[in-house]
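User: I've got a chain here that I'd like to get a feel for. Can you take a few questions about it once it's on screen?

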Amino acid sequence: MRSRRRPAPDTDRRTARARLREPLTRWMFLAPAGVYLALFFGYPVVENVVMSFRQYTATTFYTGAAPYVGLRNYADVLTSDLFTKALVTTVLFTAGSLAGQFALGLALALFFRRRFPLSGVLRSLLLLPWLMPLAVSGATWRSMLDTDTGVVNDALRHLHLVSSGVPWLTGTSQALVSVVLVNVWVGVPFNTAILYGGLLDIPPQLYEAARIDGAGPVTTFRHVTWPLLRPVAGVVLVLGVMYTLRVLDVVLVVTGGGPADATETLATRSYELSFRQFEFGRGAATGNVLIVVSLACALLHLRVDRRARLGREAVR
């Protein structure tokens with residue numbers, strides 16, 4: 001019997017170098033992204049946490065003194081009457097925005113699922129509110145909702161629905177509704193795009209089978225569309241919560257958190273404490289509360305996304 005020829009030493013060295021080069025190449029591709037995340041996301045978060053345990057004020061930038069105060073900033077923030085009001089407003093703002101965005105987004109996604117002329121052009125135009133800078137959208141809506149010169153009140157007066165201008169931005173009961181409507185207008189295109197993609201993943205054979213069985217539109221949606229769209233809908237809602245919790249631009253530009261703190265959310269409260277009252281420690285503490293809530297929603301999003309992938313694989 002012939003004895004097996006052992007690999008040459010050069011071959012062994014080349015194989016070892018190739019095995020070492022493969023993970024090294026992976027790390028080289030990941031390193032720029034890791035450095036970017038560490039510098040522009042990790043460092044600000046760590047610095048924000050450190051700041052929340054110290055008394056950072058405007059004088060700190062001149063004297064450098066920022067005494068350690070422990071959990072006092074968190075205690076001051078959580079026991080403040082404005083924090084409770086801002087928390088309630090945040091919940092109402094988030095719930096109203098999500099309900100409006102999802103309902104309109106789902107209705108438009110179902111509408112665009114049907115083929116008709118210029119459907120692609122209309123879908124593209126629908127993305128414009130989402131692509132526009134939020135400051136521009138907010139300024140436009142602020143002008144439109146102005147009590148005296150806004151086109152919304154002019155249209156309502158011409159339709160004889162109101163006799164005088166509605167204080168959309170200056171009334172304490174109307175201001176929150178106004179910012180919710182503006183945020184719904186901004187977020188509808190995103191919901192429509194994601195839900196429309198989820199509808200396209202549903203096999204058309206299921207609709208044909210439902211049609212043969214005599215199922216109507218409502219029955220088909222209830223037993224075919226919604227069960228298969230539910231994982232995608234869950235992802236859309238979780239992402240909507242994560243985004244809406246930290247909405248700042250729309251509220252600041254449209255109402256500035258007023259009138260009488262009627263539209264003050266946790267995000268605008270953190271901005272108010274940090275950049276208007278220069279209480280950076282308390283502002284950081286408020287921001288960290290939002291970070292914790294957003295992190296919880298992110299973990300929920302990962303779980304929902306995993307279920308969505310499993311659901312799509314089961315259908316295929």
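## Loops, cores and overall shape

User: Where is the place of D261?

Analyst: Keep in mind that this is a predicted model. D261 isn't part of a helix here; its place is in the loop between helix 12 and helix 13.

User: Is D261 buried, partly exposed or exposed?

Analyst: Buried would need under 20% relative accessible area, and exposed would need over 50%. D261 comes in at 29%, so the label is partly exposed.

User: What's the phi of D261?

Analyst: Most residues other than glycine have a negative phi. D261 isn't a glycine, yet its phi is positive, near 60°.

User: Which bond joins G258 and P259, cis or trans?

Analyst: P259 sits in that loop too, between helix 12 and helix 13 (266-275). Most peptide bonds are trans. With omega at about -5°, though, the bond between G258 and P259 is cis.

User: And F278, is that one buried, partly exposed or exposed?

Analyst: F278 is in the loop between helix 13 and helix 14 (280-315), and it has a positive phi of about 60° without being a glycine. Its relative accessible area is 41%, and the cut-offs for buried and exposed are under 20% and over 50%. That makes F278 partly exposed.

User: Zooming out, how many helices and strands does the chain have?

Analyst: Reading along the sequence, you meet one α after another in the pattern. The tally for the protein chain is 14 helices and zero strands.

User: What radius of gyration does the chain have, next to a compact globule of its 316 residues?

Analyst: The C-alpha atoms fill a box of roughly 105 × 75 × 30 Å along the principal axes. A compact globule of 316 residues would come out near 20 Å, whereas this chain has a radius of gyration of 27 Å.

User: What share of the residues is buried?

Analyst: On the outside, the chain exposes about 19,800 Å², with carbon and sulfur atoms supplying 65% of that. As for the inside, out of 316 residues the buried share is 34%.

User: Which helix gives the largest share of the largest nonpolar core?

Analyst: In soluble globular proteins, nonpolar side chains tend to be buried together. The largest core in this chain holds 19 residues, and F93, L145, W168, V182, V250 and V254 touch the most other members. Helix 7 (134-144), helix 9 (175-200) and helix 12 (249-254) each give two or more residues to this core. The largest share, seven residues, comes from helix 9.

User: How many residues are in the other core?

Analyst: This core lies apart from the largest one, and its members include A109, L199, L229 and V232. Its count is 15 residues.

User: What is the relative accessible area of N183?

Analyst: N183 has its place in helix 9. Setting aside residues up to four places away in sequence, N183 touches F93, S97, Q101, Y243, T244, V247 and V250. N183 counts as buried because its relative accessible area is 0%.

User: How far apart do the centres of the positive and negative side chains lie?

Analyst: There are 32 positive and 19 negative side chains in the protein chain. The centres of those two sets are separated by 15 Å.

Methods:
Residues numbered from 1 in each chain as written. Predicted model: local features only at pLDDT ≥ 70, side-chain atom pairs only at ≥ 80, totals over all residues. Heavy atoms only, no water. Helix = DSSP H or I, 4+ residues; strand = E, 2+ residues; numbered from the N terminus. Rg over C-alpha atoms; globule rule 2.2 N^0.38 Å. Buried < 20%, exposed > 50% of the residue type's maximum accessible area, 1.4 Å probe, protein only. Areas by Shrake-Rupley, 256 points an atom, 1.4 Å probe, with all protein chains shown as cover. Lys, Arg positive; Asp, Glu negative; His and termini not counted. Charge placed at Lys NZ, Arg CZ, Asp CG, Glu CD. Core = buried A, V, L, I, M, F, W, Y, C linked by side-chain atoms within 4.5 Å. Contact = heavy atoms within 4.5 Å.
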